[in-house]
Amino acid sequence: MKKFIYLLFSSLAMISCKKNFLDPKLVNTVNTEAGTFTDSARTVQFVNGIYNNIYWTYAHNRYNGGGNLAGAIDEAVNRDNSTSNQANHINQATLTAVNIGSGSALTTNNDRGYWLVYWMPIRAANIAIKNVPDAPIPMELKNRLLGEARFLRAYYYFTLMKYYGGVPIIGDKVFDPEEGVGVPRNSFAETVNYIVAECEAAEKLLYNGSEVIRNSANAQIFDGPGADNGRITKGACLALKAKTLLYAASPLFNGGNISLNELNGYSNPEYTGYLNYDAERWKKAYDAQEAVVSSNQYALKVDNTTAPGYGFYSVFVTRPTQSSPEFILSFMRANNNVNETQYDVPSRGNAAPSTFPYQELVDAFPMKNGKAINEAGSGFDASNPYANRDPRFDFTILHNESMRRLQSANALRPVYTYLNAPQDGYKTGSATTTTGYYVFKTLDKDVTRASGNSPRCDGIIRYAEVVLGAAEALNEYAGPTSRVYDLLKQIRLRAGITPGNDGLYGIPSGLDKTAMRNLIQNERRIELAFEDQRIWDIHRWKIGEQTMNKTQHGMQVEMKVGGGYTYTQINANQTRWLPRLYLFPFSQYEVARNPLMKQNPGWN
């Protein structure tokens, strides 16, 4: 039987319909390495190509046809409710080791790619690490390219860890496509240690985004984010290390791995997490987050002058600069209307928006005073439910009478989602919302699918995630200290929430660890909505049983005779959860190819 390495490390030409991660004109097989790495331009292009998979996989998760990973969980329902949509297999708990991948030709673009698509660039990174030291380029550039390759390799391993737990670690080995070697999984602890070590090694080779780097002849060769937006810097290494350690400290992996609890009898628990709980893992995670903070390279984009919370909105529709450095790693694009094409409402030129937010996400947003909608003194009015909410709400979700640019009028006009509305129309169907809501997060207020382009960049890692990670880790380690409050206040100040007389931005004083944990988890839910974060938070916190085994809701809005509206909560989708879903299965095809690849618990 051919081993899975033949599949995973096959020739670089074996790419599916996504953008090729290595230009075939530069290198198609291992036999052309000499031709690539004896040329300075091709050497740089080869490493640049390894970036493509980080961007493609991000785009795949957010812009995957009729739905995305938001529709796999409790953020939204996908327009495409077919059984071919992998998100629906997840939210219905019908995912199997068979339907996660067909096991067909190597070029098939299906969710077997969750495995395959990360191993291809790991192999490419290893080729670069092997050859760049001898390439005819200056030492400063060699260091940068080697640092980028090591970071990218670590990033792909981190992503594999999110899906599967412990995975095979091959180090710098470049397997020949014909070698056919079977490789066993490493433990979860070994996988974490490897990713952290690679981040630390890459950091030593890279520079800060704000630095001006000169070579030995004092000639400027790098000039910070103006020229190198989207490239890996020291800060990205620190942030990936911090994110890895945060996951490692979380309940799913920190002694609570599913093989020891819900699925007893699994013979290899070391693959699915640490075998013991250790509070010091939270301390390591906190220290790593604070290392990003203390680098002074990044900041939240604050603008409450243009409008409350406008900084939160604008970070997603403008390019990062030294004066607005919230994106630690960016998905750089040409000016585009990709997000409007995916999410915008029908009356703005989108025949089939992909994703409709649930009422549960709507209810998670507090009021502008920071109080939860069910909290005494919040001011929430069920007859006018969208008034005076946290400003992030209107920058995340389009609801009845949200203002949105209408091309034909070249002006802002209301979006209507009430029953039988003349425009947009609330009804069941592919073109209109089934929950009463559309997505606005990351859309440009001046752009529609039918008109215009935004200068946006997509954030792969942004500073707000680091701030929230620091608050979470410190609360778990030491409880709700003043530093935890300060970190959350930074997030809420930028959100445009009013500080209140106590200056706490609606955060109750004197919270215990459990109450603060709940508040932090909710803050992550709303701050990071539709950024490919919630699904992994559900996993690492082990809250799938609570958030997914339930009916998800929408809001039916009806216009009253004489004006005004009534609001009736409706059932939108019944989502389901099984403990085995906390880790993804290796496809049956992969396990059959490699008997050393032990399956995750519950998927046999």
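In which helix is Asn475 found? Asn475 lies in helix α15, helices being DSSP runs of H or I of at least four residues, as strands are runs of E of at least two, numbered from the N terminus. The model is predicted, so local features need pLDDT of at least 70 and side-chain atom pairs count only at pLDDT 80 or more, whereas totals for chains, interfaces and linings use all residues. Residues are numbered from 1 along each chain as its sequence is written, and side-chain values use heavy atoms, with hydrogens and water left out.

**View 1. Surroundings of Asn475 in helix α15.** Asn475 is buried, with a relative accessible area of 0% (buried means under 20%, exposed over 50% and partly exposed in between, with a 1.4 Å probe and protein chains only). Not counting residues up to four places away in sequence, Asn475 touches Pro480, Val484, Lys513, Met516, Arg517 and Ile520, contact meaning heavy atoms within 4.5 Å.

**View 2. Helices α17 and α18 in contact.** The axes of α17 (residues 513-527) and α18 (residues 534-541) come within 10 Å and cross at roughly 160°. Axes are lines fitted to C-alpha atoms, for helices over the stretch in contact, and angles run from 0 to 180 degrees between N-to-C directions. The two helices are therefore roughly antiparallel (over 145 degrees; under 35 is roughly parallel, 65 to 115 roughly perpendicular and the rest oblique). Gln521, Arg524 and Arg525 of α17 meet Arg534, Asp537, Arg540 and Trp541 of α18.

**View 3. The enclosure of helix α18.** Because 8 of the 8 residues of α18 are buried, this helix is largely enclosed by the rest of the structure. Its buried residues pack against α6, α9 (234-249), α15 (463-478), α17 and α19 (544-548). Lys542 follows α18 and has a positive phi, near 60°.

**View 4. Helix α6 and the largest nonpolar core.** The core has 123 residues, and those with the most contacts inside it are Phe151, Tyr157, Ile232, Leu488 and Met516. Such a core is a set of buried Ala, Val, Leu, Ile, Met, Phe, Trp, Tyr and Cys residues joined through side-chain atoms within 4.5 Å. Helix α6 (residues 139-164) gives the most to this core, with 15 residues. Since 22 of the 26 residues of α6 are buried, α6 is largely enclosed by the rest of the structure. Gly165, just after α6, takes a positive phi of about 85°.
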